[in-house]
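Trainee: I've just opened this one and I'm not sure where to start. Can we go through it together, one question at a time?

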Amino acid sequence: MVTNEYAKITNEYAEIANEYAEIANEYVEITNEYAEITNEYSEIANAIASVVEVDADRLAQMLPPFDVEMQHEPIRLCGACYGKAPRHRK
């Protein structure tokens with residue numbers, strides 16, 4: 001009787017350990033994808049920064065985060081606002 005209970009608990013533990021391993025693997029995959037996207041965003045920001053002759057860090061502050069879409073029409077870059085702070089103030 002005790003042996004059966006022990007075997008049952010051991011099997012449940014093994015199932016939970018497998019589920020945890022799957023979740024950990026998914027987390028690693030998501031983290032790697034995020035790193036790739038961040039690197040791509042950084043490369044794009046550096047390329048744009050070299051064209052517009054603005055420091056890449058300041059340009060990154062001026063643009064929306066990579067997961068937020070930018071309104072393309074009309075483009076409004078307020079020199080007065082960006083001269084003092086990297087974000088547009090309303």
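Trainee: Where is the place of V51?
Mentor: Keep in mind that this is a predicted model. Look for V51 along the first of the numbered elements, which runs over residues 2-52. The place of V51 is in helix α1.

Trainee: Is V51 buried or exposed?
Mentor: Exposed means over 50% relative accessible area. V51 is past that cut-off because its relative accessible area is 66%. So V51 counts as exposed.

Trainee: Which residues make the nonpolar surface patch with V51?
Mentor: Here we're on the surface, where this patch covers about 360 Å². V51 is one of its members. Its partners there are I44, I48 and V52.

Trainee: Which residues is L59 in contact with, leaving aside its neighbours within four places in sequence?
Mentor: L59 lies in helix α2. It counts as buried because its relative accessibility is 7%, and buried means under 20%. With the sequence neighbours left aside, L59 is in contact with A45, I48, A49 and V54.

Trainee: How far apart in space are L59 and N46?
Mentor: In sequence, 13 residues separate the two. Going from C-alpha to C-alpha, the distance is 8.6 Å.

Trainee: What is phi of E53 near?
Mentor: Most residues other than glycine have a negative phi. E53 isn't a glycine, yet its phi is positive. E53 is also exposed, with a relative accessible area of 73%. As for the angle, phi of E53 is near 55°.

Trainee: Which residues gather in the patch of negative charge on the surface?
Mentor: Start with E22, a member found in helix α1. E22 is exposed because its relative accessible area is 51%, and the cut-off is over 50%. The whole patch of negative charge is E5, E12, E15, E19, E22, E26, E29, E33, E36, E40 and E43.

Trainee: How many helices and strands does the chain have?
Mentor: Read the elements from the N terminus on and you get α-α-α. That fits a count of three helices and zero strands.

Trainee: What share of the residues in the chain is buried?
Mentor: Think of the outside before the inside: the accessible surface of the chain comes to about 8100 Å². Carbon and sulfur atoms hold 57% of that surface. Of the 90 residues in the chain, the buried ones make up 9%.

Trainee: What share of the contacts with a separation of 6 or more comes from residues 24 or more positions apart?
Mentor: Contact here means heavy atoms within 4.5 Å. Among contacts in the chain with a separation of 6 or more, residues 24 or more positions apart account for 41%.

Methods
Residues numbered from 1 in each chain as written. Predicted model: local features only at pLDDT ≥ 70, side-chain atom pairs only at ≥ 80, totals over all residues. Heavy atoms only, no water. Patch = residues over 30% accessible without salt bridge, like charges linked within 9 Å, V, L, I, M, F, W, Y side chains within 5 Å. Areas by Shrake-Rupley, 256 points an atom, 1.4 Å probe, with all protein chains shown as cover. Salt bridge = Lys/Arg side-chain N within 4 Å of Asp/Glu carboxyl O. Lys, Arg positive; Asp, Glu negative; His and termini not counted. Charge placed at Lys NZ, Arg CZ, Asp CG, Glu CD. Helix = DSSP H or I, 4+ residues; strand = E, 2+ residues; numbered from the N terminus. Buried < 20%, exposed > 50% of the residue type's maximum accessible area, 1.4 Å probe, protein only.
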